[in-house]
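This report looks at a ligand and its surroundings, and then at the salt bridges of the protein. Please have the sequence and the model in view while reading.

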Amino acid sequence: MIDRDWSEWCDEARALLTSNLVRSNGHRYTRPAPSVYEQQWLWDSCFHAIVWRWLDPAMAHDELRAVVAHQLDRGADAGMVPHMTYWAGGGETLWQRPERSVITQPPLIAVAAEQVLHVSGDDRAARELLPAIRSYHDWFDRRRDPDGDDLVSLIHPWETGWDAAPRWNRTRYFNETSDDASKAQRHALVADLVRYDCDALALAQAGYFHVEAIDYNTVRAADLDALSRLEARVGDPGQAALRSAKAARVRAAVRRKMLLSADEVVDLEGLDEKPIGDEGAAKYVALFGRGVEPALAAQLAEELRAIVSAPIHPIPTVPPSHPQFGPGRYWRGNVWPQVNWLVYMGLRQYGHHDIATRLAERTFELVEQSGFREYFNPLTGEGCGSHNHSWTTLVLDMLARETGRVGADPAEGAH
Ligand code: GLC
């Protein structure tokens with residue numbers, strides 16, 4: 001339980017999200033931040049919907065409808081949901097098409113739809129979204145698992161949402177020289193993706209970025225679980241069984257291939273399946289997808305107990321001991337509110353409510369010190385990146401849980 005005034009924080013979140021609300025072509029979405037991030041981003045919108053449900057469930061529904069509005073309906077990538085939608089056009093310089101990107105982001109649409117339904121009780125939106133969510137997950141299986149191991153392969157670091165994390169420097173594609181050089185490589189990679197028609201197998205064989213990431217795959221397992229529960233409630237029971245069986249296979253693959261032992265958490269690179277090495281805080285996100293056995297979850301929770309009790313603001317996405325730790329450098333160890341929310345939820349799903357509460361408290365402290373910033377310096381608590389960043393309102397969702405505004409989550413205690 002944390003001590004914050006619910007209506008005051010609702011007002012703050014509402015004011016921020018409303019000022020970031022964009023109307024376009026009969027749709028409504030929330031931009032991540034004014035001027036820096038005007039487009040719609042996939043995982044941002046899922047987080048926005050999770051906050052909007054407390055303020056305006058109709059807007060939460062619209063946010064999710066907008067995120068799937070540009071889902072591909074033909075071609076090899078039919079079913080893919082783009083990570084960016086350019087509602088006012090302008091995507092052609094980078095993506096060679098005006099209205100969308102050619103890659104995706106962490107799949108949280110079913111998770112968000114279920115969370116919205118959990119509060120609104122109105123199942124129309126979930127019912128309406130089901131076909132899109134089904135074909136999105138079918139697309140992963142068809143196009144993004146070239147080695148058939150039940151783990152999704154990513155073809156660009158932007159797909160993870162952790163754009164510049166040092167873990168990508170050890171892939172064959174990226175060579176770390178400077179922040180600017182790695183940014184230039186990320187941009188240059190887009191032209192190659194387009195040239196290869198985003199074919200994961202061909203890209204892997206040609207030596208491009210091709211990564212099975214632990215956080216991404218466990219988030220996917222969580223989304224498949226949420227999809228299964230939505231199917232059981234408002235859709236097709238046959239689909240419910242299929243999707244939960246798939247979620248179990250994804251989790252088993254994570255446990256088999258990514259978690260070699262209790263203290264060795266690895267990722268796999270490319271088809272040669274070379275371990276990528278240290279994941280930084282991404283391994284804690286695996287709690288959210290219930291990707292780990294209870295014993296390892298307990299170990300990760302103990303690490304997190306130390307992290308939330310340390311003077312450094314939690315959770316640095318790269319540990320301070322890492323050679324590439326840069327507290328103010330983009331994705332080199334900063335605290336990211338949406339990562340904190342995922343880990344907070346994962347801790348609760350495994351029953352570690354006390355650690356989760358401490359994480360919520362300390363996330364609030366950052367926002368109180370520095371405002372709704374995009375991310376934070378873990379050493380000073382200083383805000384970094386954009387101001388008035390929408391996903392930082394996720395603290396409201398933490399407050400709702402801490403103050404018992406929502407009953408046990410559908411995913412809690414189910415492992
Ligand atoms: C940055 C983040 C990415 C996020 C986007 C919009 O690119 O790295 O995860 O989706 O901003 O907030």
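## Residues around the ligand

The ligand is surrounded by 13 residues, among which Asp44, Gln105, Gly161, Asp163 and Trp331 come nearest. The model is a predicted one, and the distances and areas given below should be read with that in mind.

Sorted by class, the shell around the ligand consists of seven nonpolar residues, together with three polar and three charged ones.

## Polar contacts and burial

Three side chains place an N or O atom opposite a ligand oxygen. For Asp163, which is also listed among the residues that come nearest to the ligand, the separation between a side-chain N or O atom and an oxygen atom of the ligand is 2.8 Å. In the case of Trp331, an N or O atom of the side chain is 2.9 Å from a ligand oxygen, while for Tyr37 the corresponding distance is 3.5 Å. Taken alone, the ligand would expose 310 Å², and the protein buries 97% of that area.

As for its location in the protein, the ligand sits in the largest pocket.

## Salt bridges

Across the structure there are 33 salt bridges. One of them joins the side chains of Arg4 and Glu361, with a distance of 3.1 Å from N to O. This pair links distant parts of the chain, since Arg4 belongs to the segment before α1 (6-19) and Glu361 to helix α14 (residues 353-370), and the two residues are 357 residues apart.

Definitions and conventions: Residues are numbered from 1 along each chain as its sequence is written. This is a predicted model: local features need pLDDT of at least 70, side-chain atom pairs count only at pLDDT 80 or more; totals for chains, interfaces and linings use all residues. Side-chain values use heavy atoms; hydrogens and water are left out. A residue is near a molecule or strand if one of its heavy atoms lies within 4 Å of it. A polar contact is a pair of N or O atoms within 3.5 Å; within protein, one must be able to donate a hydrogen and the other to accept it, and residues adjacent in sequence count only if both atoms are side-chain atoms. Accessible areas come from the Shrake-Rupley method with a 1.4 Å probe; for residues, only the protein chains shown count as cover. On a 1 Å grid over the protein atoms alone, a cavity is a set of points where a 1.4 Å probe fits but cannot get out, and a pocket is an open set with protein on both sides within 12 Å along at least five of seven lines; lining residues have an atom within 4 Å of a point. A molecule sits in a cavity or pocket if more than half of its atoms lie within 2 Å of its grid points. Ala, Val, Leu, Ile, Met, Phe, Trp, Tyr, Cys and Pro count as nonpolar, Asp, Glu, Lys and Arg as charged, and the others, Gly among them, as polar. A salt bridge is a side-chain nitrogen of Lys or Arg within 4 Å of a carboxyl oxygen of Asp or Glu. Helices (H or I, at least four residues) and strands (E, at least two) are DSSP runs, numbered from the N terminus.
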